[in-house]
Amino acid sequence: MLPATLIFAQSGFCMSAASTIVLPRLRLSSKRVISAQIYDFLRKLIIETTIKPGTLLSENALSEHFHVSRQPVREALMGLSYEGLLSVLPQRGSVVERISVSALQQAVFIRTAIEKECLLNFIKLDKHTRTRLLQQIEKVIAQQHECDMKYSTLKLDLAEESLADKIVTAARTAANVRPLSQAQAAVDAKRLALNHIPQHTVRTSKRRKSPTASMPTTLAPAAIESSDVVIDDEHLVAEKRFGEVTAATPDKELNLDKAAALNSEQERQEEQETREKEWRATYLRLDDAFHERLCSMSGAPMAWDTVQLIKGQMDRIRFFTFHQITPTEVLTNEHWQIFEGLKAENYPLCLTLLEAHLSTINESHKSVMRRYRDWFSPESLAQLDAEDEKARLKAEEERAKIRARTKARGRSLSGR
């Protein structure tokens with residue numbers, strides 16, 4: 001997609017205090033219906049919150065932006081409206097809907113019912129079809145696992161780049177680089193664990209280069225977090241990383257160094273956000289591919305079409321819970337357990353696992369709500385605040401009971 005020049009107004013909670021966003025361009029293909037392309041394009045931007053809840057979209061401005069008539073734009077907006085992602089405002093345009101927890105819970109209920117029924121139809125399929133579907137599902141899970149590993153490498157790369165700049169800055173200002181070098185050693189240890197290098201082979205020389213080997217797709221993700229790898233003389237390695245620096249620079253040059261370091265850190269954060277967003281979008285597509293394969297067991301294409309129509313609210317939540325709240329390794333492992341249950345023809349277990357897997361969002365959405373309150377409807381926020389207040393009062397009641405028991409026990413001991 002090319003950068004765009006079109007700017008839309010993004011409203012506040014009451015559609016005031018407008019800010020601006022830049023809408024990317026779209027290369028329209030002559031091989032697909034134009035309205036479908038615009039629908040997919042806008043839906044992706046809404047799901048990824050590039051277009052945030054409360055944003056006003058103008059039919060006229062969109063038609064000018066895409067260089068098409070208003071008809072395909074209107075059809076795309078109506079499709080998003082049917083999905084619950086937009087509301088049409090007479091004489092004003094369309095506004096991106098805030099997330100409704102009630103609609104989210106209903107979508108989870110309906111989707112679970114559909115996918116469980118599809119799964120039960122698996123036993124009715126002939127052996128050849130079952131084998132083919134299992135192979136497709138296993139391939140998708142393998143791709144998800146590879147995506148998990150690539151994200152782990154991405155995090156290590158970004159952490160190492162950040163530490164490298166900090167080490168250089170600290171060295172040039174004659175600051176203590178030992179804490180940073182120890183942090184660098186921790187990053188190196190995780191990277192070595194990720195690449196599954198045995199501990200007895202690990203030795204770090206003063207002139208070593210950062211490991212850049214690609215990840216094996218067979219390594220369990222847990223290895224990233226737990227490692228007993230030992231790196232010798234880690235502080236010397238970090239101090240030598242960018243050459244010997246023995247004296248601080250003049251004040252003017254030092255200030256320039258600090259400003260450059262700040263800009264570099266900001267750029268790195270922006271790059272990290274962009275790359276993480278791309279990664280989440282990739283995992284979301286793979287997650288959809290897994291569930292689409294489950295729905296295909298029904299032999300009824302309308303099953304997945306219906307799920308697609310109702311899961312817009314779920315997708316917005318899922319996009320931000322990936323790794324921030326629910327590690328994708330956990331989701332991939334849940335998919336694998338369902339796959340293993342299908343292979344073993346343990347259908348009651350598969351149904352239980354699928355229901356638990358889909359219902360996770362009924363709790364995980366609360367963390368997103370607390371972080372992005374203005375993305376949710378007033379009714380949803382009121383419900384969350386009431387639940388939080390109830391939990392707070394219950395916790396206070398429990399603390400009061402503990403204090404009372406402690407006081408009573410103290411009186412009993414003093415009476416003896």
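**Close-up views of a predicted model**

**View 1. An open sheet of three strands.** In this predicted model, three strands (DSSP runs of E, at least two residues, numbered from the N terminus) form an open antiparallel sheet in the order 3-5-4, where pairing requires that DSSP finds at least two bridges between two strands. Strand 3 (56-57) and strand 4 (86-89) are the edge strands, each pairing on one side only. Strand 3 is joined by two bridges to strand 5 (residues 93-96), and these two run antiparallel, with L57 standing opposite S94 in strand 5.

**View 2. Helix 4 against helix 12.** The axes (lines fitted to C-alpha atoms over the stretch in contact, with angles from 0 to 180 degrees between N-to-C directions) of helix 4 (residues 101-120) and helix 12 (residues 347-359) come within 10 Å and cross at roughly 155 degrees. Helix 4 is therefore roughly antiparallel to helix 12, a term for angles over 145 degrees. Among the residues of helix 4 that meet helix 12 are V108, R111 and L119, while the helix 12 side includes Y347, L354 and S359; contact means heavy atoms within 4.5 Å.

**View 3. Stretches of low confidence.** The mean pLDDT (the predictor's confidence in each residue, from 0 to 100) of the protein is 77, and 68% of its residues reach 70 or more. Over residues 1-18 the pLDDT is below 50, and it stays under 50 over residues 197-249.

**Notes.** Residues are numbered from 1 along each chain as its sequence is written, and side-chain values use heavy atoms, leaving out hydrogens and water. Local features need pLDDT of at least 70 and side-chain atom pairs count only at pLDDT 80 or more, whereas totals for chains, interfaces and linings use all residues.

Notes. Helices (H or I, at least four residues) and strands (E, at least two) are DSSP runs, numbered from the N terminus. Angles under 35 degrees count as roughly parallel, over 145 as roughly antiparallel, 65 to 115 as roughly perpendicular and the rest as oblique.
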